[in-house]
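User: I would like to learn how to read the place where two chains meet. Could you take me through it slowly?

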There are 2 protein chains.
Amino acid sequence: MNYYGSQISKLIEELSRLPGIGPKSAGRLAFHMINMPEEQVEQLAEAMLCARKNVRYCKECYTLTDQELCPVCASRERDHSTIMVVETARDLAAYEKTGKYNGVYHVLHGAISPMLGIGPNDIKLKELVERLRGEITEVIIATNSTLEGETTAMYISKLIKQSGIKVSRIASGVPVGGDLEYIDEVTLLRALEGRTEI
Amino acid sequence: MNYYGSQISKLIEELSRLPGIGPKSAGRLAFHMINMPEEQVEQLAEAMLCARKNVRYCKECYTLTDQELCPVCASRERDHSTIMVVETARDLAAYEKTGKYNGVYHVLHGAISPMLGIGPNDIKLKELVERLRGEITEVIIATNSTLEGETTAMYISKLIKQSGIKVSRIASGVPVGGDLEYIDEVTLLRALEGRTEI
C-alpha cells in the first residue's frame, strides 16, 4: 500500500485504526490533513495529546473530565441529593443537552453483562454505594434500555432499596416523533404498561 | 457544549472540523482517543505532524510524497516514457492498486473548472508540458469522467497533439459488476459509442 511514501502511509494506517474509519476514509482524512494549515494540524495533535494526558475521572461522579470535579459536580446550583446513574460519559452529555435535569450524575463506565464477563465489580458500583452514605434522596437509573442496561438497573435497584432511598427508572416507550408502525413489539408493550392518565 | 470539561470539548471541536466528521462522530472519536493507550495517541499525533511537515510534491510527477521523488518516479522498473495524467494523488493510488500499470504519472492537483474559477494555470499543466520535452511516447489522460475532468482532458489533448506525442483517454462505460438498469443514460451512450469488437 505504499503508493504515497512511508509518512503518508503511516498516517493512513494510524487513522484507520480509529473506530468507524476504514482505509478509504483514512486516506481522505490523511490528504485533508496534509493540506490543512500547519497550525491547525498542530492544534489537533495538541488537543489529542492534552485530552489523553489530562482527562481523568471526576472524584465524585466518575465521569471523564480534566478537573478534579466535573462541571456538574462542581456546580453549587445543582441538586446534589439526586443522582442519575448512567452507563457512559456520553449518556451524561445526552441528558445535559436537555438542559432540564438539575441533579448530579454517577457514571458506571459500563453495564453488567454476564455474556461479556462484566460483573458488578467491573463497573463503578461500589463507588455509587459509597456516595449513598451522603444525603441522597433519589437515585434515577438511566442505564440503556438494553439487556445489559436493564440487568444493571435491576441490580442497582435491589442494592439500594434496602437503604430506603427512593429509586426510579427512566420511562421506556415510544420515542417522540416515533411512528407506531415501525416500533418493535417490546417497546409497544412497555409503552402500554407504562401508560399514564391524561 | 461544555459537559465534559474544556479539554475534551476542545478535542471534539478540533475533530469535528475534519471532513465527514460531524459532532456525533467527533464525540465518539474523542472518547475513543481518551481510552486509547497513550503511546498510540502519541503515534497518531506524530504521524499527523510528520506527514504535514515533510510531505511535498514529487519533483517529477507532483504527487504528494515525503521523498524528493515518489516511489513510482524513483523506480527504474517503470516505463518513464508513458505518462498517465490524473487529477489527484488519490487517483494515482487507485491506479497503483490495480498493479497493472507500468508507466509513470503526472498529478494535476485539480481540473479546469470555469465555474470555480480554476484555469489551466491553476493546475500543474505547465509542469506537464515541461516534462513532454523528454522522451515521452504516450500520454494517457485519466482525469475524472466529470464535466471538469472532460474539459481538462480536452484541453490537454489539444495542447499535446501538436507535439506529435500519442494522446489517449481512459475508456468510459459501464463499470464491471454494474447493472445496466441502474446506470445513467450518458454512461450507457458512452458505453455504446466505445463498443469494441469481440
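User: What is the count of salt bridges between chain B and chain A?

Analyst: This is a predicted model, in which local features need pLDDT of at least 70, side-chain atom pairs count only at pLDDT 80 or more, and totals for chains, interfaces and linings use all residues. Residues are numbered from 1 along each chain as its sequence is written, chains are lettered from A and ligands numbered from 1 in the order in which they are written, and side-chain values use heavy atoms, with hydrogens and water left out. A salt bridge is a side-chain nitrogen of Lys or Arg within 4 Å of a carboxyl oxygen of Asp or Glu. Between chain B and chain A the count is two, while a search of the whole structure finds 20 over all chains.

User: Which side chains meet in a salt bridge at 4.0 Å, N to O?

Analyst: They are those of B:Glu38 and A:Lys53, and this pair crosses between chains, from helix α3 of chain B to helix α3 (residues 38-54) of chain A. Helices here are DSSP runs (H or I, at least four residues), and strands are runs of E (at least two), numbered from the N terminus.

User: How many residues of chain B are in contact with chain A?

Analyst: Contact means heavy atoms within 4.5 Å, and by that rule 53 residues of chain B touch 53 residues of chain A.

User: What area is buried between chain B and chain A?

Analyst: Buried area is the accessible area (1.4 Å probe) that two parts lose on being put together, summed over both. Here the value is about 5200 Å², of which carbon and sulfur atoms give 67%.

User: How many residue pairs are in polar contact across this interface?

Analyst: A polar contact is a pair of N or O atoms within 3.5 Å; within protein, one must be able to donate a hydrogen and the other to accept it, and residues adjacent in sequence count only if both atoms are side-chain atoms. The rule finds 12 such residue pairs between chain B and chain A, with both residues at pLDDT 80 or more. On the side of chain B that touches chain A, the largest share, 15 residues, comes from α3(B).
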